[in-house]
Amino acid sequence: MSVAEELPGGNDVALLRQSLDEVRRVIVGQDHMVERLIVALLARGHCLLEGVPGVAKTLAASTLATVVGGTFARIQFTPDLVPSDIVGTRVYHPSNEKFDVELGPVFVNFLLADEINRAPAKVQSALLEVMAERQVTLAGVTHPLPKPFIVLATQNPIESEGVYPLPEVQRDRFLFRVRVPHPSAHEELEILHRMSVTPPVPERVLDPGKLLSLQEAAEQISVHQLVADYVVRLVMSTRNPAEYGLADLTETIEIGVSPRATLGLVAAGRALALLRGRDYLLPDDVRDVAVDVMSHRLMLTFDALADGVDPEQVVRQILHAVPPPLVVWNQNR
């Protein structure tokens with residue numbers, strides 16, 4: 001009997017690992033990105049993939065949607081997009097002299113917002129209600145989105161023409177901001193071998209109903225009080241760095257992370273613990289997701305931005321300075 005089958009909810013763990021392996025059968029390398037996509041699904045969070053063109057961001061999102069099942073839509077964001085193109089609008093029908101509501105493409109389980117930073121502010125703001133409330137209001141009527149619902153967005157960080165930087169309020173809606181690097185040399189060779197012939201086709205492993213039960217299982221992961229206190233200390237160290245031995249960050253951080261980071265650290269840590277086959281949260285789970293949860297929520301000072309300070313390095317400095325607790329779990333419970 002495998003270790004996963006011996007654990008409570010072992011079948012759930014086996015399904016999650018099967019889903020992970022199925023995505024990796026299509027995506028070469030990028031293990032960090034693939035794992036974060038699965039974790040975001042379990043944590044009911046949205047994910048922003050940031051990387052140069054051609055590093056399999058869009059392919060990873062569409063492959064994940066196929067493996068998990070459910071409905072999927074891709075919206076290519078462009079400067080001429082308007083809010084009604086994504087959320088829907090009222091359409092007048094002369095035949096019956098009535099207005100009918102035509103729902104937009106956001107009414108799916110998986111929404112791929114490709115190159116999200118190419119859309120103007122009005123379109124990006126239209127996504128705020130979709131991402132935060134999981135609903136759309138048209139003509140005074142609220143239309144709930146299907147469950148589960150997740151936004152997988154991509155953006156190119158190197159282009160400056162024809163792009164609109166995401167406002168802080170929208171970046172805060174994303175659970176993760178995952179940077180997707182170029183593949184290594186041996187991964188590039190494997191891409192050549194795997195994709196230069198008939199590319200692999202992913203198979204469906206889950207369904208929306210099973211995903212909802214897995215999300216509920218992740219929410220039941222036990223969180224020790226010491227681990228919860230550790231999460232709060234990590235968040236507070238971004239707001240009052242001098243109190244945590246990080247006085248040098250006072251001139252680097254303009255505004256610390258929001259309370260969504262606190263909730264996101266616990267939710268993502270729980271999902272990662274479930275993926276790793278545990279029913280309790282460890283400080284290492286929190287540390288593993290901290291960079292992807294916190295870095296895009298940090299607002300750095302003008303001088304820090306001018307000096308090219310990387311928010312991810314700031315988070316790593318905080319992780320090094322704020323000691324994690326020593327939690328000993330009773331394995332018999």
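Colleague: Which residues in helix 3 meet which residues in helix 4?

Modeller: Bear in mind that this is a predicted model. On the helix 3 side you'll find Met33, Leu37, Ile38 and Leu41, and they meet Lys57, Ala60, Leu64 and Val68 of helix 4. Sorted by class, the residues of this contact come out as 7 nonpolar, no polar and 1 charged. Lysine belongs to the charged class, so Lys57 is the charged one here.

Colleague: What makes helix 3 oblique to helix 4?

Modeller: The angle does. Their axes come within 11 Å and cross at roughly 45°. Roughly parallel needs an angle under 35 degrees, and roughly perpendicular runs from 65 to 115. A value of roughly 45° fits neither, so helix 3 is oblique to helix 4. The crossing itself is right-handed.

Colleague: Then why is helix 3 called roughly perpendicular to helix 11?

Modeller: Helix 3 covers residues 31-42 and helix 11 covers residues 259-275; their axes come within 8 Å and cross at roughly 115°. The perpendicular range goes from 65 to 115 degrees, so helix 3 counts as roughly perpendicular to helix 11. Helix 3 passes helix 11 in a right-handed crossing, too.

Colleague: Which residues in helix 3 and helix 11 meet?

Modeller: Glu35, Arg36, Ile38, Val39 and Leu42 come from helix 3, while helix 11 brings Ala268, Ala271, Leu272, Leu274 and Leu275. By class, that contact has 8 nonpolar, no polar and 2 charged residues. Glu and Arg count as charged, so Glu35 and Arg36 make up that pair. Ile38 is also listed in the contact with helix 4.

Colleague: How do you know that helix 9 and helix 11 are roughly perpendicular to each other?

Modeller: Try it the same way. Helix 9 (residues 208-219) packs against helix 11 at an angle of about 110°, with the axes 8 Å apart. An angle of about 110° falls inside the 65 to 115 range, so the pair is roughly perpendicular. Helix 9 makes the contact with Leu214, Ala217, Ala218 and Glu219, and helix 11 with Arg270, Ala271 and Leu274. The classes there are 5 nonpolar, no polar and 2 charged.

Colleague: What makes the link between Lys147 and Pro148 cis?

Modeller: Look at omega, which is about -5° for that bond. Most peptide bonds are trans. You'll find Pro148 in the loop between strand 7 (141-144) and strand 8 (150-155).

Colleague: What is the phi of Arg44?

Modeller: Phi at Arg44 is positive, about 60°, although this residue is not a glycine. Most residues other than glycine have a negative phi. Arg44 is in the loop between helix 3 and strand 1 (46-50).

Colleague: What lies 3.1 Å from a polar atom of the side chain of Arg233?

Modeller: The backbone oxygen of Pro323 does. The cut-off for a polar contact is 3.5 Å, so 3.1 Å is within it. Arg233 sits in helix 10 (residues 225-239). Leaving out residues up to four places away in sequence, Arg233 touches Tyr244, Val322, Pro323 and Pro325.

Colleague: How do you know that the radius of gyration agrees with a compact globule?

Modeller: With 333 residues, a compact globule would come out near 20 Å, and the protein chain has 21 Å, so the two agree. Along its principal axes, the C-alpha trace spans about 70 × 55 × 45 Å. The chain has 14 helices and 11 strands.

Definitions and conventions:
Residues are numbered from 1 along each chain as its sequence is written. This is a predicted model: local features need pLDDT of at least 70, side-chain atom pairs count only at pLDDT 80 or more; totals for chains, interfaces and linings use all residues. Side-chain values use heavy atoms; hydrogens and water are left out. Helices (H or I, at least four residues) and strands (E, at least two) are DSSP runs, numbered from the N terminus. A polar contact is a pair of N or O atoms within 3.5 Å; within protein, one must be able to donate a hydrogen and the other to accept it, and residues adjacent in sequence count only if both atoms are side-chain atoms. Contact means heavy atoms within 4.5 Å. Axes are lines fitted to C-alpha atoms, for helices over the stretch in contact, and angles run from 0 to 180 degrees between N-to-C directions. Angles under 35 degrees count as roughly parallel, over 145 as roughly antiparallel, 65 to 115 as roughly perpendicular and the rest as oblique. A crossing is left-handed if the near helix is turned anticlockwise from the far one by less than a right angle, and right-handed if clockwise. The radius of gyration is taken over C-alpha atoms; the globule rule is 2.2 Å times the number of residues to the power 0.38.
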